[in-house]
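This report is a guided reading of one protein model, meant to be followed with the structure open beside the text. Please look at the sequence and the fold before reading on.

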Amino acid sequence: MAASKSETNQVLLNEMAKQIKDLENAIAKQATEAADTIRELKSTIAKQASTIAKQATEAADTIRERESTIRELRMQLASAGIMPMTMATNDTSSSRKRTTSEGSSTSSEGRPIYEKSGSFFKSLESKYGVLYADRLELGQRTAAEADKRLLLRPAGKALTAAVADAKKNASAVAKGKSPPLPPYLALDDYNAPRFDPPPPEPHVFKTSELAIRLRIGKKSHTISFESLRHRTVWIDALSRVINATNNKIPASPPKQQPQQKARPIAPGTDPLPVDALRELAPSSLSPYAAPAQLPHPRTAALAALSELVAGSPEFDWNAEYQTRMARWVEASRSEASHAPEAELELVRFVGLFAARAEQVASIIIDELHLPLTSKTYTPKALPDAVAQTDEVYVVDSIIFSFADVGTGARPETDDALEMRMAHIEMAALDAVVNARIPGLATPLMALVEYRGFTLIAVTTLPVSEATLIASPELATRPPQGSSPAAAFAGLMADLARQLNLKPVAPGDSGVAPVFGPASVLGHRGSDGRYYAVSLQKLFPPDLPIGEMAADLTRVLSPRFVTLYPDPLVPDAFTQHATPLGTGAPAAADVGALIGASAYLRETLVPRLALALDRMDVLALDSVSLAAILADAGVDRRFLGLLADSVELPHVRAVLATEMVAIRAAELLARSLRRVVRARRPLLESGTRISASMVSENTANTLDFFNLVLGSSDESHAFWGSVLLPDVAAAFAHDVDASAIPRAALLYALEHHSGVVLAHTPSVDFSGPAPLGTNLDVVRGWRPRVTTPVPATLATSHRDYARLLAAEGRHRAALDALAVSLKAAALLHGFSSHKLGPDFLVASRYAADAGDLEAAAAFAGAALGVAPQWHASAGLAYVAHLRAAFRSGDVQGAAVAYEAAIACIAHHWGHYHPLLLEAHDTMGGLHAEVGDPLLALDYYKAALDLSVLALGANHAKAASYYHSVGHLSKTAGLHQQAINAYERALLVHQRCLGPESPTTAHSMYYLSEALYAKGVYARALDLAKQAFDLRNRLHGPASPLTIDSAYQVAYTADALDDAAAALPSFEHLLRYLQDSARSLSEDADAQRAAVLTEIRSITVTIVKLVFRTLPPQHTLILARVREARAPRLTHATIAHVMAALLSSQPAEYVRDVFRRVEALSPTAHTELAALVHVCEDDSVLLVEHDEPATQDASLRLSVSSFFHNQ
């Protein structure tokens, strides 16, 4: 039987082996057939590819033949006089867009894809070290824990110190001192390793690969980025999405703001009216709609001006100005309660003067082509000694003269020198005004730039040759005694000390030093005031150039000189700087000035470049870039050096755009002045210039814009032979023309030239005439008016508003900013584009304060004053997006989101970091309403764009890694959160250094993510590193350090590492005890929370000690727990608790065990009380003046402990 069974098995095995062999043969046969099929397919594909390549070659040959035929036909038409020769010689292939191969660094327009500027993000957390590095911390801890920790910690010391410093700075400004340099120019980690810029040839992905999910109601809809370029596609997709549901996104509940009594920051000032803001907003949110027809910014000023000068044909501008100026100086220096009213009245008066100067100057320049008999204002005949050859007008006691020499007979090359000197004198005059020296008067002056000309408007002063008390001729005889000259010298000494100017030490002992430049003229006017005029050389030159013209125009900025550590001599490198009795300037003074110039070039400019690269400041356009340079104390002639120092391509692009626009605007202005020069002989001969000749300026302007912005042989020749060499000579920097976005150049050139154009998004910069040939495109010219700006009120309130917003007091911040807005509106006009940035900030403050109606009004005002399709209009749409979304208007938010992306992309391109603002805002808003997955999509899109535009190792990209990590953790995607936080940590360590506060934030976040995933060992290691770093940077009592202490303590406790947990819990206990002592008497809620936390941490420390006891003490504890607890009196438990609070709990517990071993009579009872306190939740720690009876729970009095320490 056994043999038979074995034979049967053998037969089965043989059969199975045969089947396996048959299967192997079948598989081998199929593999052979498949290989043959593949070879046949490859052969077919190769034949088809060869055929396609042959067809492409034939098509290319055909195209070339047709282009050759077209060129021949054009030449024949040109020879016959039918077509201009310039069009005939224009290569048809130049209008075709250049395509990019894979790996190329150029876009479809033939320009690098990095044609971008900065972004618009705040970094208050990193500046003050109190808030977290990211505002978004969803899911970081439970709501109860977050509320408890926020309740436990009072206002952080770092924030309190920051507020105190800001108030101190505001007080210093009120007393006439300059505020310090911005914090981004005083970087602690300036020498840290810099981030890696984007590679020069990045991979260009298609925008169709990116998409955003739009959540409406409970459904999500995907809309690709490619559709954003085509408005009809976007509108159709959006309509389908909106019609798919009638639900709206629920508005986020307004944050509960503490009811605080509004403190009047500036008595007598009214908030900006919301109705007036609405009048500025356009009627439609679509950027394709016609722009709002705003009134002239100075319409209200001109109306008030007519009332002011009514009945007074010779209104004394100087007397009125000096009266208001003296009142403001006295009120601000004495810190009187009426100082804000005095400054607002002065600002209002300066605004009226600017309006009158603009009105008269525009008429004078517009009528330059008219004969004298037809002019509204005729030039005055002045003595030959002062008139030279230029026309001078006197209107309403205001003297108007040309800063350039466009109407005179002097060489044209003097134009730039004269206009530059006028701007230098205006900057010096502004510095003197804001120095607020009592008793020192200056004329009120305005510069009006219009149609290529610059007019100086200055008030008539009550001075003459007889009133002169200080001049270059008198500089060698310093005044002494109590003469008017001595009094004026004393005023100049006060001014020099205020502006950080060093006096020239005389050679003779006993003679007073000379303060200020010798070129300043001093007068004792007939009204008894001391006037300082001719202030062009008030501030020292930059470097000893050797040429007088260069020395006059290369002047250190007033802000730089004021904030430089050492005082500087203004007359350095001139004969006036020589000590009296010597023949050469003092070597120390010359060396100090050379050192200042070196510091400016080698330290300040590189630091500003680093701030631009880090995106600490945003260079959005010409206006914002000028504000950044002025705030840093860097003149715009250093744009070339700044461009050499930056690394990010989009920053270099905005700097190159600005340099080209400045020089192109100057070339256009020179051309417009040449037209007037050419017409002067005709005017003098009595020939009336026809209207067609007047329109020549408009035609020339349009042709010039097309020449600069277009793509033709003439444009390329103009760039190569004229524009780029002129830029290189002016800024010592070689600009890459292909790196300049043409739309951005259009806006910059429009700003610097004052030309107002009709904008459209369909401009084709690849053609020879992007703006077309219709003269209606040029709508006119906008005068640019510059006046001294009393900036104390606006600056201090704007800074104060930032700090209030950092504290979470958004309503108070909005009230403070409204004061600055009112001052700016009085100076520039309510509809001026200069108010746009403040409107944007005000909209954010209002939205955060829950006033969505005001937020929408401010956003609309910002949109109304912004140029159409400008990037600032995109930011205004982002502000409207925020207000609309929180109001539940999802359709309005979606339209605003589309418009924001369209405007920013039109201005700077589709790969610009400024687009991050729109994605960031949408992501944050979806996170607010509890949709982390959709918010995660927006932040991932922002992350991808930041990596492409800024590089993977940029701090901004790391901040988006943080946001992705926060949202991933909230959505339960712990591994994705860990990956994001790890990348953020690596980037911050690389670009900010291992000792940066932001690096500590990344360690903290990564530790929390690892803790949530259950990776406790690594989480504890990172938590310890974050705690040590924060303790070194911020101190042991900083809220950041306390958060890290909590993290270390509870992570170590979860890991059952009592040795690591104990020090952190003891650190927390000390902090809480100090906080309880510092609480005010009426802080009952905080005190109760602190006491509860103190008991919890104390019990935790005792339990940790119980877990780390030696064996003999562990046996004692077990016996106490097993034995019946002795009768514990209230006094015994109170004694134990007081002992725990008055000493280190761990040491006290160990001491109790030692005393139990020593058979102390009270130690056993204390140990039983310890066990009862730590293991019985009925023991509560509250405050009472007298011990309460033990009913439901045991209540312990600790008020004496806190109040008697």
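Leaving aside residues up to four places away in sequence, R451 touches I365, D366, L672 and W781. The model in view is a predicted one, and R451 is a convenient place from which to begin exploring it. R451 sits in the loop between β6 and β7, and because its relative accessibility is 23%, R451 counts as partly exposed. One of its contacts is polar in character: the side chain of R451 reaches the side chain of D366 at 2.9 Å. The chain also brings R451 to a place where its C-alpha atom is 10.0 Å from that of T698, although the two residues are 247 residues apart along the chain.

**The helix that holds D366**

Helix α10 covers residues 339-366. How far apart should the ends of its 28 residues be, if each residue adds 1.5 Å? The expected span is 40 Å, and the end C-alpha atoms of α10 are 40 Å apart, so expectation and model agree. Helix α10 is also mostly covered, since 22 of its 28 residues are buried.

**The strands around R451**

Strand β6, residues 445-450, is mostly covered as well, with six of its six residues buried. In a regular strand the side chains alternate between the two faces of the sheet. In β6, M445, L447 and E449 point one way while A446, V448 and Y450 point the other way, and all of them are buried.

Strand β6 has partners that can be followed in turn. With β7, residues 453-459, strand β6 pairs in the antiparallel sense over six bridges, and V448 stands opposite L455 of β7. The two strands form a hairpin with two residues between them, and R451 in that turn has a positive phi of about 55°. Strand β6 is also joined by three bridges to β13, residues 784-786, again running antiparallel, and there E449 has R784 as its bridge partner.

Strand β7 in turn pairs with β4 in the antiparallel sense, over five bridges, with T459 of β7 as the bridge partner of I398. What do the side chains of β4, residues 398-402, do along the strand? They alternate: I398, F400 and F402 point to one face and are buried, whereas I399 and S401 point to the other and are not. Strand β4 also pairs with β3, residues 392-395, in the antiparallel sense over four bridges, and the bridge partner of V392 is S401. The hairpin of β3 and β4 has two residues between its strands, and D396 in this hairpin takes a positive phi near 55°.

**A four-stranded sheet**

Another part of the model holds an open sheet of four strands in the order β5-β10-β9-β8, with mixed pairing. Its edge strands are β5 (440-441) and β8 (468-470), each of which pairs on one side only. Strand β8 is joined to β9, residues 521-524, by two bridges in an antiparallel arrangement, and A470 has G522 as its bridge partner in β9. Helix α13, residues 484-499, lies across β5, β8, β9 and β10, and runs at about 60° to β10.

**Salt bridges**

Side chains of opposite charge can pair when their charged atoms come close. A search of the whole structure finds 32 salt bridges, and the table lists some examples.

| Acidic residue | Basic residue | N to O distance |
|---|---|---|
| D838 | R798 | 3.0 Å |
| D851 | R811 | 2.9 Å |
| E1008 | K969 | 3.4 Å |

E1008 lies in helix α34 and K969 in helix α32, so their salt bridge ties together parts that are 39 residues apart in sequence. Both E1008 and K969 are buried. Some salt bridges share partners, and in this way R420, D542, R554, R601, D635 and R637 are joined into one network.

Are the partners in the other two rows of the table buried or partly exposed? D838 is buried, with a relative accessible area of 10%, whereas R798, at 22% relative accessibility, counts as partly exposed. D851 counts as partly exposed at 24%, and R811 counts as partly exposed at 37%.

Technical notes:
Residues numbered from 1 in each chain as written. Predicted model: local features only at pLDDT ≥ 70, side-chain atom pairs only at ≥ 80, totals over all residues. Heavy atoms only, no water. Expected span 1.5 Å × (residues − 1). Buried < 20%, exposed > 50% of the residue type's maximum accessible area, 1.4 Å probe, protein only. Pairing = 2+ DSSP bridges. Contact = heavy atoms within 4.5 Å. Polar contact = N/O pair within 3.5 Å; in protein donor to acceptor, adjacent residues only side chain to side chain. Axes fitted to C-alpha atoms, helices over the stretch in contact; angles between N-to-C directions. Salt bridge = Lys/Arg side-chain N within 4 Å of Asp/Glu carboxyl O.
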